[in-house]
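Colleague: Could you walk me through this structure, one question at a time? I am new to this and would like to see how each answer is reached.

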Amino acid sequence: MYNEDRRLLPWTWAQRLGLGAVIAASLVFCPAAWGQQIDPEVRADFLADPLTAEPRDPLLPVLPIQRPLSPLEKRALGEALDGVNQQAIAAYEAGEVDEAFELWMRELQLRRTISRLAELEAMERVAAYVWAANRAEEAQLITFRLQQIEADLQTAGPIALEDLYTLGQVYRTLREQTAAVAVYENIAARQAELGDRDAQIDAVEQVAQLYLDGFYHSQAAAAYQRLLRLSDDIATVEQRNRYLEQLIYSHEEAQQFESAIAAQGLLLDLYQRQGVNDSLPLLALSIARNYLALNRPDLAKPYYESAYANAQILIQHDNASETLLDLASIYRELKDFEQTLELYSILVEVGRQSDDLYTMMNAFDQIGQIYRDLDQSEFAKLAFERGLTIAQRLSHQETYFEAQLRSLDAPETLPETPGLGQPWRSGRNTENP
């Protein structure tokens, strides 16, 4: 039977393991830190069977012979450990973090004497605190125990799906992405064998998200490609859109621009069939930028034009401005200054339409710089003056524009502008910038 004093005694798992400070307070936690070497004795003691370990935990009943706990003894122990958990939560919330984790690690050791499910459920709960508090050593110990449980389960045959889901969740909470991916891939394969495609898709979604969380973008792209194939005839429109958007993002982050463009083509077709016109300008702009990343401005140009035209129709001034800025940069690199100036002039008008003074000011700045580079100081002065007027209204960058104007040597006569025609003007009212 249990000791007469069944209160939660001041017994810590650290005392049993002979641990000092679990982790320095200055440690910056990251998943890589969990791979640091841990004292083999600490590991062995934590993984030991509490029913045979010495000294014996006071919460365990004193038995005349070595045997598993009876159902009544397990129930009593479970209730006592619920109290340990509540003590740990109170300590954690009071800022006594070391004490809280001593209690939780003790709880985890003892839960395994009740049942595997009880231990795994407790691990899932405690793992969230471990991650939130950056507890590297506890994370390693729980991971070692998880690996031990997984190995034991495998020796008895295929692991039950219920156990697999719990293992996967705990690994994921601990940011053990490689182990979590392996578990969810196992789940996906098992659900495929059972013919449960919805559950298989859910498991592959977990795999895709784990790869994204770990910045494994190529692998994430492959997972989203699998999801598109798996869900081809059952996915909702929203689900297919989401898979395509994540596939595009993954390809772009992996700098797989050709693959990203192919996926964007599918998404563009989907948007057009759905009549989702609001998303067309930004998608066209993204396609254009991916073509530009492939050094194909010729293929990017029609998508830029489409992005701008649709943005104007839909009154999406931000997307229109982004498109014009990209196009202007392209033409400027090509030294097509006439086209560049025309685009910045249009950008001024877009800023005027949306009352975006910052866009107008920056466009005037670019126009002034181009004319200065062309040694057309009078036109540069006109642009910088317009920029200064707006800067004064914004109380922003006045000093910059004043410096630009001082740097210009104003000629006595207006120079001819080779290939640019009449002096540049922007806006219907020249008195209003």
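Modeller: Gladly! One definition to begin: a residue is buried when its relative accessible area is under 20%, exposed when it is over 50%, and partly exposed in between. Please keep in mind that this is a predicted model.

Colleague: Thanks! Is isoleucine 315 buried or exposed?
Modeller: Let us place isoleucine 315 before judging it: it sits in the loop between helix H14 (297-313) and helix H15 (317-333). Its relative accessible area is 61%. Exposed means over 50%, so isoleucine 315 is exposed.

Colleague: What is the phi of isoleucine 315, roughly?
Modeller: Isoleucine 315 is not a glycine, and yet its phi is positive. The value is about 55°.

Colleague: Which loop holds arginine 175, and how accessible is this residue?
Modeller: Arginine 175 is another residue other than glycine with a positive phi, near 65°. Its loop runs between helix H7 (161-173) and helix H8 (177-194). Arginine 175 counts as partly exposed because its relative accessibility is 31%.

Colleague: Now the salt bridges. How many are there in the whole structure?
Modeller: Each one pairs a side-chain nitrogen of Lys or Arg with a carboxyl oxygen of Asp or Glu, and the two atoms must be within 4 Å. Searching the whole structure with that rule gives a total of 22.

Colleague: How many residues apart in sequence are the parts tied together by arginine 106 and aspartate 57?
Modeller: These two form a salt bridge, with their closest N and O atoms 2.9 Å apart. Arginine 106 belongs to helix H4 (residues 97-111), while aspartate 57 is in the loop between helix H2 (40-47) and helix H3 (71-93), so the pair ties together parts whose separation in sequence is 49 residues.

Colleague: Are arginine 106 and aspartate 57 buried or exposed?
Modeller: For this label we look at whether the relative accessible area is under 20% or over 50%. Both arginine 106 and aspartate 57 come out as buried.

Colleague: Which helix contains both arginine 75 and glutamate 79?
Modeller: Their side chains meet in a salt bridge, 3.7 Å from N to O. The two residues are four apart, about one turn of the helix, and that helix is H3.

Colleague: What is the relative accessible area of aspartate 298?
Modeller: Aspartate 298 meets arginine 296 in a salt bridge of 2.7 Å, N to O. Arginine 296 is partly exposed because its relative accessibility is 35%. Aspartate 298 is also partly exposed, its relative accessible area being 46%.

Colleague: Which residues are linked in a network of salt bridges?
Modeller: Here the salt bridges join several residues into one network. Its members are Asp82, Glu107, Arg111 and Arg125.

Colleague: Which two residues does a cis peptide bond join?
Modeller: The clue is omega, which is about -5° at this bond. One partner is found in the loop between H2 and H3. The pair is glutamate 54 and proline 55.

Colleague: What is the relative accessible area of histidine 217?
Modeller: Histidine 217 lies in helix H10 (residues 217-230). Beyond its neighbours within four places in sequence, it contacts Leu212, Tyr249, Ser250, Glu253 and Ala254. Histidine 217 is buried, since its relative accessible area is 12%.

Colleague: Last one: how many residues are in the largest nonpolar core?
Modeller: Met123, Ile142, Leu146 and Leu174 have the most contacts inside that core. Methionine 123, for instance, touches residues including Leu108, Ile142 and Val170, leaving out those up to four places away in sequence. The number of residues in this core is 116.

Note on methods: Residues are numbered from 1 along each chain as its sequence is written. This is a predicted model: local features need pLDDT of at least 70, side-chain atom pairs count only at pLDDT 80 or more; totals for chains, interfaces and linings use all residues. Side-chain values use heavy atoms; hydrogens and water are left out. A nonpolar core is a set of buried Ala, Val, Leu, Ile, Met, Phe, Trp, Tyr and Cys residues joined through side-chain atoms within 4.5 Å. Buried means under 20% relative accessible area, exposed over 50%, partly exposed in between (1.4 Å probe, protein chains only). Contact means heavy atoms within 4.5 Å.
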